[in-house]
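Me: Please take a close look at chain A for me. Bring in chain B where it helps, and keep the sentences short.

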Amino acid sequence: MTYTQLALISVAITIVLDLWVFRTKHLTRRLFWVSYSIVIFFQLVTNGILTGFGIVEYDGAAIIGSSTPETNSPQFIGDGRLFFAPIEDLLFGFSLVVLSLIFWVALGRSGIQRNPVSGPPRRSVWKLLGIKQ
Amino acid sequence: MSKFVYVSVLLGCLAGTAWLEFFLRTRVYQRTWRLILTIFPIVLIFSAWDAYAISQGHWTFDERYITGITTVANIPIDEILFFIVIPICAILSFEAVRSARGWKAGDEGES
């Protein structure tokens, strides 16, 4: 199978696990989508470093775009890439992040170190951001 | 030193999220056992994917930028560390948002 096929299958499995198997239902929660939008920004940056400098290189036969060139960087946006990374990496990252959160919340729900819960933020955070509490 | 480029990116991820544990009181590292139990299956699942992808040549690594230490099925140790670090960063971000906004995740328990 190609990376494209595997990435799509992994997303499908992740969705099924989240909604119907573990029933964590992250994909229906505001908490997840706000967290994920922060995560995806940093994912694009760090993955951009790994793929843009050719630290990780891809075979064009396995992805929608073409192979990582021998000498120079792959395309920044276009040719099946976004921030140098193959768009398949976004699907891979989605599965990795969502599956991690599924396991994390499922364990907490079953009573494994549910406590101490997170928060509240230290007052200094709000002060730094200029938000009155 | 270029051998540590990949690992340095991961260290950057850890350093970039570590402050959340203190300032947003995410209590992720504090719940060590739960964190370990979360990461363990992730490492297994994604290492299997990695092993297959490496065997099929889906992706390769520039040997100048990885440590050169290889684990099972030709998986560079850098990749194993990736499957540990990224879940930690994701969970820290998730718990940081929960800390700041108080939104529900479904594991709050009764009352």
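Reply: What follows goes through chain A part by part, with chain B brought in for its contacts and for a parallel reading. One caution comes before the details: this is a predicted model.

Start with the annotated spans. UniProt, in an unreviewed entry, lists "transmembrane region" for residues 6-22, 34-56 and 90-107 of chain A. Two of these spans can be set against the model. Residues 6-22 of chain A are 94% helix and 0% strand. The C-alpha atoms at the two ends of that span lie 21 Å apart. Residues 90-107 of chain A are 100% helix, again with 0% strand. Their end C-alpha atoms are 26 Å apart.

Next, the helix packing. Two packed helices are described by the angle between their axes and the distance between the axes. For α1(A) and α3(A), the angle is about 25 degrees and the axes are 9 Å apart. An angle under 35 degrees counts as roughly parallel. The two helices α1(A) and α3(A) are therefore roughly parallel to each other. Their crossing is left-handed.

Which residues make this contact between α1(A) and α3(A)? On the α1(A) side they are Tyr3(A), Thr4(A), Ala7(A), Leu8(A), Ser10(A), Val11(A), Thr14(A), Leu17(A) and Asp18(A). On the α3(A) side they are Glu88(A), Leu91(A), Phe92(A), Phe94(A), Ser95(A), Val98(A), Leu99(A) and Ile102(A). By class, the contact of α1(A) with α3(A) has eleven nonpolar, four polar and two charged residues.

Now the small sheet. In chain A, three strands form an open sheet in the order β2-β3-β4, with antiparallel pairing. The edge positions go to β2 (77-78) and β4 (85-86) of chain A. Each edge strand has a single partner, so one side of each is left without a neighbour in the sheet. Two bridges join β2(A) to β3 (residues 81-82) of chain A. One partnership can be named: Ile77(A) has Leu82(A) in β3(A) as its bridge partner.

The loops hold some backbone points to check. Most residues other than glycine have a negative phi, and most peptide bonds are trans. Lys25(A) has a positive phi, near 55 degrees. It sits in the loop between α1 and α2 of chain A. The peptide bond from Asn115(A) to Pro116(A) is cis, with omega near 0 degrees. The peptide bond from Gly119(A) to Pro120(A) is also cis, with omega near -5 degrees. Pro116(A) lies in the loop between α3 and α4 of chain A. Pro120(A) is placed in the loop between α3 and α4 of chain A too.

Then the face towards chain B. Here 43 residues of chain A are in contact with 45 residues of chain B. On the chain A side, the elements that give two or more residues are α1 (3-21), α2 (30-52), β1 (56-58), α3 (88-109) and α4 (123-129). The largest share, eleven residues, comes from α3(A). By class, this side of chain A has 25 nonpolar, ten polar and eight charged residues.

Strand pairing crosses between the chains as well. β1(A) runs antiparallel to β1 (residues 59-61) of chain B, and three bridges join them. Within this pairing, Tyr58(A) stands opposite Trp59(B).

Finally, chain B for a parallel reading. For chain B, the unreviewed UniProt entry gives "transmembrane region" at residues 6-24, 36-55 and 75-94. Residues 36-55 of chain B are 100% helix and 0% strand, with end C-alpha atoms 28 Å apart. Residues 75-94 of chain B are 90% helix and 0% strand, and their end C-alpha atoms lie 28 Å apart.

Helix α1 (residues 5-23) and helix α3 (residues 77-101) of chain B pack at about 20 degrees, with axes 9 Å apart. That makes α1(B) roughly parallel to α3(B). The crossing of α1(B) and α3(B) is left-handed. From α1(B), the contact residues include Tyr6(B), Leu10(B), Cys13(B) and Glu21(B). From α3(B), they include Asp78(B), Phe82(B), Cys89(B) and Ala96(B). The contact of α1(B) with α3(B) divides into twelve nonpolar, two polar and two charged residues.

Methods: Residues are numbered from 1 along each chain as its sequence is written. Chains are lettered from A and ligands numbered from 1 in the order in which they are written. This is a predicted model: local features need pLDDT of at least 70, side-chain atom pairs count only at pLDDT 80 or more; totals for chains, interfaces and linings use all residues. UniProt positions are given in the numbering used here, feature names are shortened, and annotations may be inferred rather than shown by experiment. Helices (H or I, at least four residues) and strands (E, at least two) are DSSP runs, numbered from the N terminus. Axes are lines fitted to C-alpha atoms, for helices over the stretch in contact, and angles run from 0 to 180 degrees between N-to-C directions. Angles under 35 degrees count as roughly parallel, over 145 as roughly antiparallel, 65 to 115 as roughly perpendicular and the rest as oblique. A crossing is left-handed if the near helix is turned anticlockwise from the far one by less than a right angle, and right-handed if clockwise. Two residues are in contact if their C-beta atoms, placed from the backbone, lie within 7 Å. Ala, Val, Leu, Ile, Met, Phe, Trp, Tyr, Cys and Pro count as nonpolar, Asp, Glu, Lys and Arg as charged, and the others, Gly among them, as polar. Two strands pair if DSSP finds at least two bridges between them.
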